Amino acid sequence: MFKHYISAPAEKFQIKFKDSIEEITVVKLDQAPSYFKQIVDLLESKSIHLKTMNKIGFIDINGTFKNKVESLEIVAASHQVINEELLANSTELTEEALVNLKNSDGSNKRFVLCASNIFNVFDEQNEFIGSLTLNDCQHYGKSIQSIVFALINFGFTIVPDHQANECGEGFIDNYGKYLTRSEAYTIAKLSDQPFNDTYTLSGNLLDSSCIRHIAK
């Protein structure tokens, strides 16, 4: 059995295009707005509108969306380390409390937050219209799938960026910086964040299970 952790901040949106409406979950980090801007810019270039559902919260290690109250309850039950000084109140988890952790000497901690996939996007005429970096608790997880499937339903073609390292499969740290599997492994080990070496890939490459599947 594994601990039930909170993985990353997230928000739910609706995409409206012609007569279709799709619901997506976006891992959305305030410290790295460029990833969300990629989605918005790509959609607006094709007159596709993104509408907030006013559902702001987090995803857990299984990719399930949780509101802020549910998220703090999960954090408390699992004894997940957060920065309690940055909680806005005693009932809701905040992004700041999740990502702004401290080392024992008081310095800012850098750690691996979640998995990331880079995709190239093509329109109905097979014209390249942009790249997307989508983040989730695991590669091709529920949040990423919700976005990819929505775009496919609207006629787009989405393919992994094979020009990127490891076919665009990497991670982001708590500041939103993109990391290769090798870089992420090094940071995760140095950060002293919960880690399960059982899932480490050959060559000291990080798998998302290393930071998701933590034994109770």
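**View 1. Ile 6 and Asp 60 in the pairing of strands S1 and S3.** In this predicted model, Ile 6 stands opposite Asp 60 of strand S3. The two strands, S1 and S3 (residues 49-60), pair in the antiparallel sense. Their pairing runs over 10 bridges.

**View 2. The hairpin of S3 and S4.** Strand S4 covers residues 65-67. S3 and S4 pair in the antiparallel sense, over three bridges. One bridge joins Phe 58 to Lys 66 in S4. Four residues lie between the strands of this hairpin. Gly 63 takes a positive phi there, near 85°.

**View 3. Lys 16 in strand S1.** S1 spans residues 6-17, and Lys 16 lies in this strand. Is Lys 16 buried or exposed? Lys 16 is partly exposed, because its relative accessible area is 41%, between the cut-offs of 20% and 50%. Beyond its neighbours within four places in sequence, Lys 16 is in contact with Ile 21, Ile 48 and His 49. Ser 47 is 31 residues away from Lys 16 along the chain, yet their C-alpha atoms are separated by 9.3 Å.

**View 4. Thr 94 in the loop between H2 and H3.** The loop links helix H2 (68-78) to helix H3 (95-99). Thr 94 has a relative accessible area of 11%. This value is under 20%, so Thr 94 counts as buried. Which residues touch Thr 94, leaving aside its neighbours within four places in sequence? The contacts are Phe 58, Leu 86, Leu 87 and Ala 88. Phe 58 also appears in View 2, as the bridge partner of Lys 66.

**View 5. Helix H4 and the glycine after it.** H4 has 12 residues, 142-153. From first C-alpha to last, H4 reaches 16 Å, close to the 16 Å expected at 1.5 Å a residue. Its buried residues are Ser 143, Ile 144, Ser 146, Ile 147, Val 148, Ala 150 and Leu 151. An α-helix has 3.6 residues a turn, so residues three or four places apart point the same way. Gly 155 follows H4 and has a positive phi, near 100°.

**View 6. The largest cavity.** The structure holds two cavities of 30 Å³ or more. The largest has about 60 Å³ of space. Strand S2 (20-27), helix H1 (34-44), strand S6 (128-136) and H4 each supply at least two residues of its lining. Ser 143 and Ile 147 are among the lining residues, and both are buried in H4. Others include Thr 25, Val 26, Ile 39, Thr 133 and Leu 134. By class, the lining divides into seven nonpolar, four polar and no charged residues.

**View 7. The second largest cavity.** Its volume is about 40 Å³. The lining is formed by Val 27, Lys 28, Leu 29, Ala 32, Tyr 35, Phe 36, Asn 135 and Ile 172. Val 27, Tyr 35, Phe 36 and Asn 135 also line the largest cavity. The second lining has six nonpolar, one polar and one charged residues.

**View 8. The largest pocket.** The pocket has a volume of about 400 Å³. Which of its 19 lining residues are closest to the centre? They are Gln 80, Val 81, Phe 111, Gln 193 and Pro 194. S1, strand S5 (112-122) and helix H6 (209-212) each supply at least two lining residues. The lining has 12 nonpolar, four polar and three charged residues.

Technical notes:
Residues numbered from 1 in each chain as written. Predicted model: local features only at pLDDT ≥ 70, side-chain atom pairs only at ≥ 80, totals over all residues. Heavy atoms only, no water. Buried < 20%, exposed > 50% of the residue type's maximum accessible area, 1.4 Å probe, protein only. Contact = heavy atoms within 4.5 Å. Expected span 1.5 Å × (residues − 1). 1 Å grid on protein atoms, 1.4 Å probe; cavity = no way out; pocket = protein on both sides within 12 Å on 5 of 7 lines; lining within 4 Å. Points joined across faces, edges and corners; volume = space filled by probe spheres on them. Nonpolar A, V, L, I, M, F, W, Y, C, P; charged D, E, K, R; others polar. Pairing = 2+ DSSP bridges.
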